[in-house]
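Here are a few short exercises on strands and their neighbours. Have the structure open and try each one before reading on.

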Amino acid sequence: LELEGSTPATMAKSVGYGVGEFAGEYQRLKPDIVLLIGDRYETLAAAIAAAFMNICIAHIQGGEVSGSIDESTRHAISKFAHFHFPSTQRSVEYLIRMGENPDTILTVGCPSSDIARKLDQNAGLANSIINSTGVGAKIDLRQSFLLVVFHPTTTQFGGERQQMGQLLNALSELQVQTICLWPNIDAGSDHISKAMRVFRDQAKPSWLRIITNLPPDDYLKILAEASCAIGNSSSFVRDASFFGTPVVLVGSRQDGRELADHVRTSPPSAKLIVQAVQEQLAHGRYGRSTLYGNGHVSERIAQSLAELTPYVQKRLHYIYEQANVESYRAL
């Protein structure tokens, strides 16, 4: 969907472009329900198109708090959505406080925990998964390694390169073999990518491999086995919690997220990042958390979708009652 440029203006224009393209697909497919997940701007485009075409919307991961423009995008999608599948109990409470009808909240938990539960962490975790793609040092997955993913925080546009520079300086001091993935396509990603390229060309690190992207299953295997994950990906909050992978969350992109014990936070300062990573490496793996789901969420979502009755006209649910919240704690 994204128009070229990676700026706030191109992000805004891409939403408009996406609305038109999704409308064309809905007209062709004529769906009864559109199932959306998360807080991405392309997901907002899909929600806007469905709402204006009188198509029922179900939304996964509503009611959460996070940084960046994703915070506003997620809540906007929740207001368009007719049914909700939030990931945590706190998210249930926030959706009800936002005026969503408790009866439209159908189950609680994130389906990404199902993938983590089913994933055989050791199957296929060969060095070729990493060394057959990307550029830089050869990585030995049998030894300790770091996983780095750092995306732009769009509400801080212009500061990405400096923040990534601090993170790279920290990695240079740590000197642990590192897998670093390319950033997403949000505004500011070009600044991060440039910092990575310049560092690679000038420092010529013997411990760093840079990869554009990995298939989801391979990515989760790497995340599950990493000695520490560093950066600001939401997967470090969600999926890593189920694996017990130590995480150092850098910067403000995930501010407000519910965090399990496996996460330590750090501002984008090389000195503080190094300190946090060293503490996490010394600690080692954490116990499995079910904060974002117990690994048996998808079947509940599928069953709810099969049984619900689609509707079109939404109304604000005015009365917030604590009893309603309590009744959903058992979901």
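Two strands count as paired if DSSP finds at least two bridges between them. Keep in mind that the model is predicted.

**Exercise 1.** Find how many bridges link strand 9 and strand 10, and in which sense these strands pair.

*Solution.* Start from strand 10, residues 263-266. Four bridges connect strand 10 with strand 9, and the sense is parallel. Now pick one residue: Leu-249 has Thr-265 as its bridge partner in strand 10. Then turn to strand 8 (residues 228-231), which runs parallel to strand 9 and is joined to it by three bridges. Here Leu-249 is the bridge partner of Gly-231.

**Exercise 2.** Decide which residues of strand 9 are buried on each side.

*Solution.* Begin with the general pattern: side chains in a regular strand alternate between the two sheet faces. In strand 9 (residues 247-250), Val-247 and Leu-249 lie on one side, with Val-248 and Val-250 on the other. Buried means under 20% relative accessible area. All four of these residues are buried, so both faces of the strand are covered.

**Exercise 3.** Work out the strand order of the open three-stranded sheet, and then which helices lie across it.

*Solution.* The order is 1-2-3, with parallel pairing. Strand 1 (33-37) and strand 3 (83-85) are the edge strands, each pairing on one side only. On average, neighbouring strands are turned by 20° against each other, direction ignored. Strand 2 (residues 56-60) meets strand 3 through three bridges, and His-59 stands opposite His-84 of strand 3. Finally, add the helices: helix 3 (residues 70-80) lies across strands 1, 2 and 3 at about 140° to strand 2. Helix 13 (residues 298-307) also lies across these three strands, running at about 170° to strand 3.

Notes
Residues are numbered from 1 along each chain as its sequence is written. This is a predicted model: local features need pLDDT of at least 70, side-chain atom pairs count only at pLDDT 80 or more; totals for chains, interfaces and linings use all residues. Side-chain values use heavy atoms; hydrogens and water are left out. Helices (H or I, at least four residues) and strands (E, at least two) are DSSP runs, numbered from the N terminus. Axes are lines fitted to C-alpha atoms, for helices over the stretch in contact, and angles run from 0 to 180 degrees between N-to-C directions. Contact means heavy atoms within 4.5 Å. Buried means under 20% relative accessible area, exposed over 50%, partly exposed in between (1.4 Å probe, protein chains only).
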